[in-house]
Amino acid sequence: MGEFIIAVLIVSVLWIAWDVLKLVLGESAREDAAAAVAKEPGREQMLKYSQSFFKLSETFRRMPEKKECLSQQDIEDMFRMVKGKVCQNCPQCALCWQENYYKTYRRIYSLLNSIEEEGEELNTGRQEAFGEFCVNPREFLNELDMAFRQAKINLTWSNRLLENRAAVGEQLYETGLTLQHVADTIYDVEQLERSVLQELRLKLKFRGVFVKEVWISENDPERPEIFMNARTKKGRCVPTKEVAEVLSEACGRPIVPGKDSRMIVNKEYATLMFVTEPEYCLLNGVARVTKDGELVSGDNFAFLSKENGQAVMSLADGMGSGFGACQESELVIELLEQFLDAGFCKETAVKMIHSAMMMQNSGQIFSTVDLCTVDLYSGECELLKVGASTTFVKRQDWVESVTSTSLPLGMLQNIDYECTKKKLNSGDFIIMISDGVLDALPGRNSQDMMKELILQIKTSNARDMARKLLEQVLSYQQSRASDDMTILVGGLWKK
């Protein structure tokens, strides 16, 4: 009897355990399903927004293209207008425009053709030749001249309008690409495995940190991003560095707090961001001088560190010097920082800035862009140049140069930029300069001379290298700057 009771108890316990296990597994499955349902509609909505911008950009791209010269319809409209003003009451109107229509048309068309190609004035040296078949050549040529000039003005403004429309279409397309990228990254976040989450909660609880949820983003498996919603006991604060140490043990790799994440965990729940610690660091230095006689430099620069482990050096040189050039380059640098920090890729950022400059009414805003992006995980460097001066890469005992033949931003409708990739090692330096630096060196081989100057400097400090380089360049100009000069130096070092 006792054995039967024991057996019944064991069966009952197992049955209850099975019910509990089904309840737990069912709840877990429902949570995962709810997370998937919550994630997919958001992603789909973002992709819909993206497609809407793509379609909208297509409407702008299908618009007529720029015209290099007057069309056949423009010329016929011009003839019709002049004929109505001058030839309507002429006694020979029927002779010219009815009996000899094609001969008259060919003569005037040939005249306009030669004038447009040679750039001659309509009413200069043409009256005598034209008077052979026209009884009122002066008035006809004057009206034709005015109509021709007005048609050229209309052509210029029409092309300007088409350029602006194309710029808007390009911006809409790039916005669609950005939304597509956001949909593929933000919503690609998974919850941490329950076993790992329970272990993590237990370890952090001993440090006074209560963890609510943990998510992990593995767009790049080698560089996971971890998001944690946590708080501490009342009246206690814990540095996020301590939390990162626990995460490092759990993940088996060095984890550090994100650049813009909170530095302290307090009593209120907050979402913290942690990233894989980069293998390298980039130390920067700058040296600059303003053109003699000017109060401000036309060069502007910026250093930026991004959450994804990228370090960015940017340099913009406005056309000319002084306050106007400073405004142009400052605008470019500010927009670059804004776009890159928001998560736009560098190509998209440069294209959108170019479109904005093309849409300026004056059409006289030009600036070069020199952009260097270093991946602090791999040491790979990518240089993007738009009309920028030469960039130099110093390795142990040699220097290589990266040049560009593209034009500055705002000059052409279609942006022309050049990208170059380099693999950097610990101890390598990147030297970015504005045009004024090479122009200050004597002789034709200014790039080779700059390489020699860089090799002569024996220092591992980026700031000292920039300062010494500028001092040596100025020595060739008797310490007088004939143009704005800026030197940016970035040194890559392994942690």
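**Exercise 1. Find where Ser479 lies, and decide whether Ser479 is buried or exposed.**

Step 1. Ser479 belongs to the loop between H13 and E17. Helices (H or I, at least four residues) and strands (E, at least two) are DSSP runs, numbered from the N terminus. The model is a predicted one, in which local features need pLDDT of at least 70, side-chain atom pairs count only at pLDDT 80 or more, and totals for chains, interfaces and linings use all residues. Residues are numbered from 1 along each chain as its sequence is written, and side-chain values use heavy atoms, with hydrogens and water left out.

Step 2. The relative accessible area of Ser479 is 59%, so Ser479 is exposed. Buried means under 20% relative accessible area, exposed over 50%, and partly exposed in between (1.4 Å probe, protein chains only).

Step 3. Ser479 is a residue other than glycine, yet its phi is positive, near 60°.

Step 4. Gln478 lies in the loop between helix H13 (462-475) and strand E17 (485-494). Gln478 is not a glycine either, and has a positive phi of about 55°. With a relative accessible area of 63%, Gln478 is exposed.

**Exercise 2. Compare the expected span of helix H7 with the distance between its end C-alpha atoms, and state which residues of H7 are buried.**

Step 1. The expected span of a helix is 1.5 Å times one less than its number of residues. H7 covers residues 194-206, and its 13 residues should therefore span 18 Å. The end C-alpha atoms of H7 are 19 Å apart, which agrees.

Step 2. Leu197, Leu200 and Leu204 are the buried residues of H7. These buried residues fall within an arc of 65° when seen down the axis of H7, so they line one face of the helix. The arc is that of the directions from the helix axis to the C-beta atoms.

Step 3. Ser195, Leu202, Lys205 and Phe206 are exposed on the other side of H7.

Step 4. The partners of the buried residues of H7 are strand E2 (209-217), strand E3 (225-232) and helix H8 (240-251). Contact means heavy atoms within 4.5 Å.

Step 5. After H7 comes Gly208, with a positive phi near 85°.

**Exercise 3. Describe how H7 and H8 cross, and list the residues that make the contact.**

Step 1. Two packed helices are described by the angle between their axes and the distance between the axes. The axes of H7 and H8 cross at roughly 145° and come within 10 Å. Axes are lines fitted to C-alpha atoms, for helices over the stretch in contact, and angles run from 0 to 180 degrees between N-to-C directions.

Step 2. H7 and H8 make a right-handed crossing. A crossing is left-handed if the near helix is turned anticlockwise from the far one by less than a right angle, and right-handed if clockwise.

Step 3. H7 contributes Leu200, Lys203 and Leu204 to the contact, and H8 contributes Val243, Val246, Leu247, Glu249 and Ala250.

Step 4. Sorted by class, the contact has 6 nonpolar, no polar and 2 charged residues. Ala, Val, Leu, Ile, Met, Phe, Trp, Tyr, Cys and Pro count as nonpolar, Asp, Glu, Lys and Arg as charged, and the others, Gly among them, as polar.

**Exercise 4. Check the span of helix H9 and name residues of H9 that are buried.**

Step 1. H9 runs over residues 323-342; at 1.5 Å a residue, its 20 residues should span 28 Å, and its end C-alpha atoms are 28 Å apart, which agrees.

Step 2. The buried residues in H9 include Ala325, Cys326, Glu328, Ser329, Val332, Ile333, Leu336, Phe339 and Leu340.

Step 3. Gly343, whose phi is positive, near 110°, follows H9.

**Exercise 5. State what Ala147, Gln310 and Asn425 touch away from their sequence neighbours.**

Step 1. Ala147 is in helix H6 (residues 137-185) and counts as buried at 6% relative accessibility. Not counting residues up to four places away in sequence, Ala147 touches Met78, Met81 and Val82. Met78 is 69 residues from Ala147 in sequence, but 6.1 Å away in space, C-alpha to C-alpha.

Step 2. Gln310 is in strand E10 (residues 310-318) and counts as partly exposed at 22% relative accessibility. With residues up to four places away in sequence left out, Gln310 touches Leu304, Ser305, Thr373 and Val374. The C-alpha atoms of Gln310 and Val374 are separated by 5.5 Å, at 64 residues apart along the chain.

Step 3. Asn425 is in the loop between strand E15 (418-423) and strand E16 (429-433), and counts as partly exposed at 43% relative accessibility. Apart from neighbours within four places in sequence, Asn425 is in contact with Arg395 and Leu492.
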